[in-house]
Amino acid sequence: MDAEIDIWIPCYPPKATAQSGSRLGKNKRTGEVFFMPQNPTATGFLAIVLFKYAPREPMKGTLVMRAMFRWGWNKSDPKWLRNQEQDIPVGVRPDADNLTKALFDTLQKLRFYENDGQISDYNILTRRGHDPGLAVRIGYDPMPTRLDSQPTRQRSQGAAQTPG
């Protein structure tokens, strides 16, 4: 069993998440109501690009995860911004929380781990910059998992103090 999974996939990450579902539309000319199908979602895209990285056995135990979704620069971004070496945070759609849920669901379906409840700590970054892609790192949580392995607190040897 690997100690850590570290993946970098050069791609254009998804912008449509599960939250951008199917909708009803209305033709302005005729007034006819029609069904607008759902856009390709983040879960479907992630399943395709992460499939070949799936481990033979799911990771067990408490896990930590780091992920970064990096989109390329928009044509409308000013040149001075596009010439920067550093990535900049993306504060607009898609929401990081929706991308997180899509990533967790996909990794669970591909059996990277048995249950997304195993993840005790995670950090998701959404960025815009050079070299668009998706980075995912999953490792074991270094913290002890048993309460009795925690250091115990020692009482002071002095006289007992009374509250007051």
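These legends accompany several close-up views of a predicted model.

**Figure 1. The whole chain, with three helices and seven strands.**
Let's start with the overall layout before zooming in. Walking along the sequence, you meet the elements in the order β-β-β-α-β-α-β-α-β-β. The chain has 164 residues, and 35% of them are buried. Its accessible surface is about 11800 Å², and carbon and sulfur atoms account for 51% of that area. How many of the contacts between residues at least 6 apart in sequence join residues at least 24 apart? The share is 80%.

**Figure 2. The largest nonpolar core, built from 28 residues.**
In soluble globular proteins, nonpolar side chains tend to be buried together. Here, the residues with the most contacts inside the core are Leu-50, Met-65, Leu-103, Leu-107, Leu-134 and Ile-138. Which elements give two or more residues to this core? Two helices do so, α1 (42-50) and α3 (96-109), along with the strands β1 (4-10), β4 (63-71), β6 (119-128) and β7 (133-140).

**Figure 3. Met-65 and its contacts.**
This view picks out one of the residues with the most contacts inside the core, Met-65. Leaving out neighbours within four places in sequence, Met-65 is in contact with Leu-103, Phe-104 and Leu-107, among others. Its contacts also include Ile-119, Asp-121, Tyr-122, Asn-123 and Ile-124. Val-136, Arg-137 and Ile-138 complete the list for Met-65.

**Figure 4. Arg-66, a partly exposed residue in strand β4.**
Now step along to Arg-66, which is found in strand β4. Is Arg-66 buried or partly exposed? Its relative accessibility is 35%, so Arg-66 counts as partly exposed. Setting aside residues up to four places away in sequence, Arg-66 touches Asp-121, Tyr-122 and Asn-123, and also Ala-135, Val-136 and Arg-137. Look for Asp-6 as well: Arg-66 and Asp-6 are 60 residues apart along the chain, while their C-alpha atoms are separated by 9.4 Å.

**Figure 5. The packing of helices α1 and α3.**
Two packed helices are described by the angle between their axes and the distance between the axes. For α1 and α3, the angle is about 45° and the axes are 9 Å apart. That angle makes α1 oblique to α3. The contact is formed by Ala-42, Thr-43, Leu-46, Ala-47 and Leu-50 on the α1 side. On the α3 side, the residues are Leu-99, Ala-102, Leu-103, Thr-106, Leu-107 and Lys-109. The crossing of α1 past α3 is right-handed.

**Figure 6. Ala-42 and Thr-43, two residues of helix α1.**
This close-up stays with α1 and shows a pair of its residues that take part in the contact with α3. Ala-42 has 0% relative accessibility and therefore counts as buried. Ala-42 and Pro-14 are 28 residues apart in sequence, and their C-alpha atoms are 5.2 Å apart in space. Thr-43 has a relative accessibility of 19%; because the cut-off for buried is under 20%, Thr-43 counts as buried too. Which residues does Thr-43 touch, not counting those up to four places away in sequence? They are Ala-102, Thr-106 and Lys-109.

**Figure 7. Thr-100, a buried residue in helix α3.**
Here the view moves to Thr-100, which lies in helix α3. At 7% relative accessibility, this residue counts as buried. Apart from residues up to four places away in sequence, Thr-100 touches Tyr-122 and Ile-124. Where is Asn-123 relative to Thr-100? The two are 23 residues apart in sequence and 9.1 Å apart in space, C-alpha to C-alpha.

**Figure 8. Positive phi values at Arg-111 and Asp-131.**
The last view turns to a pair of loop residues. Arg-111 sits in the loop between α3 and β6. Its phi is near 65°, a positive value in a residue other than glycine. Arg-111 is partly exposed, at a relative accessible area of 45%. Asp-131 belongs to the loop between β6 and β7. Although Asp-131 is not a glycine, its phi is positive, at about 55°. With a relative accessible area of 57%, Asp-131 is exposed.

Note on methods. Residues are numbered from 1 along each chain as its sequence is written. This is a predicted model: local features need pLDDT of at least 70, side-chain atom pairs count only at pLDDT 80 or more; totals for chains, interfaces and linings use all residues. Side-chain values use heavy atoms; hydrogens and water are left out. A nonpolar core is a set of buried Ala, Val, Leu, Ile, Met, Phe, Trp, Tyr and Cys residues joined through side-chain atoms within 4.5 Å. Buried means under 20% relative accessible area, exposed over 50%, partly exposed in between (1.4 Å probe, protein chains only). Helices (H or I, at least four residues) and strands (E, at least two) are DSSP runs, numbered from the N terminus. Contact means heavy atoms within 4.5 Å. Accessible areas come from the Shrake-Rupley method with a 1.4 Å probe; for residues, only the protein chains shown count as cover. Axes are lines fitted to C-alpha atoms, for helices over the stretch in contact, and angles run from 0 to 180 degrees between N-to-C directions. Angles under 35 degrees count as roughly parallel, over 145 as roughly antiparallel, 65 to 115 as roughly perpendicular and the rest as oblique. A crossing is left-handed if the near helix is turned anticlockwise from the far one by less than a right angle, and right-handed if clockwise.
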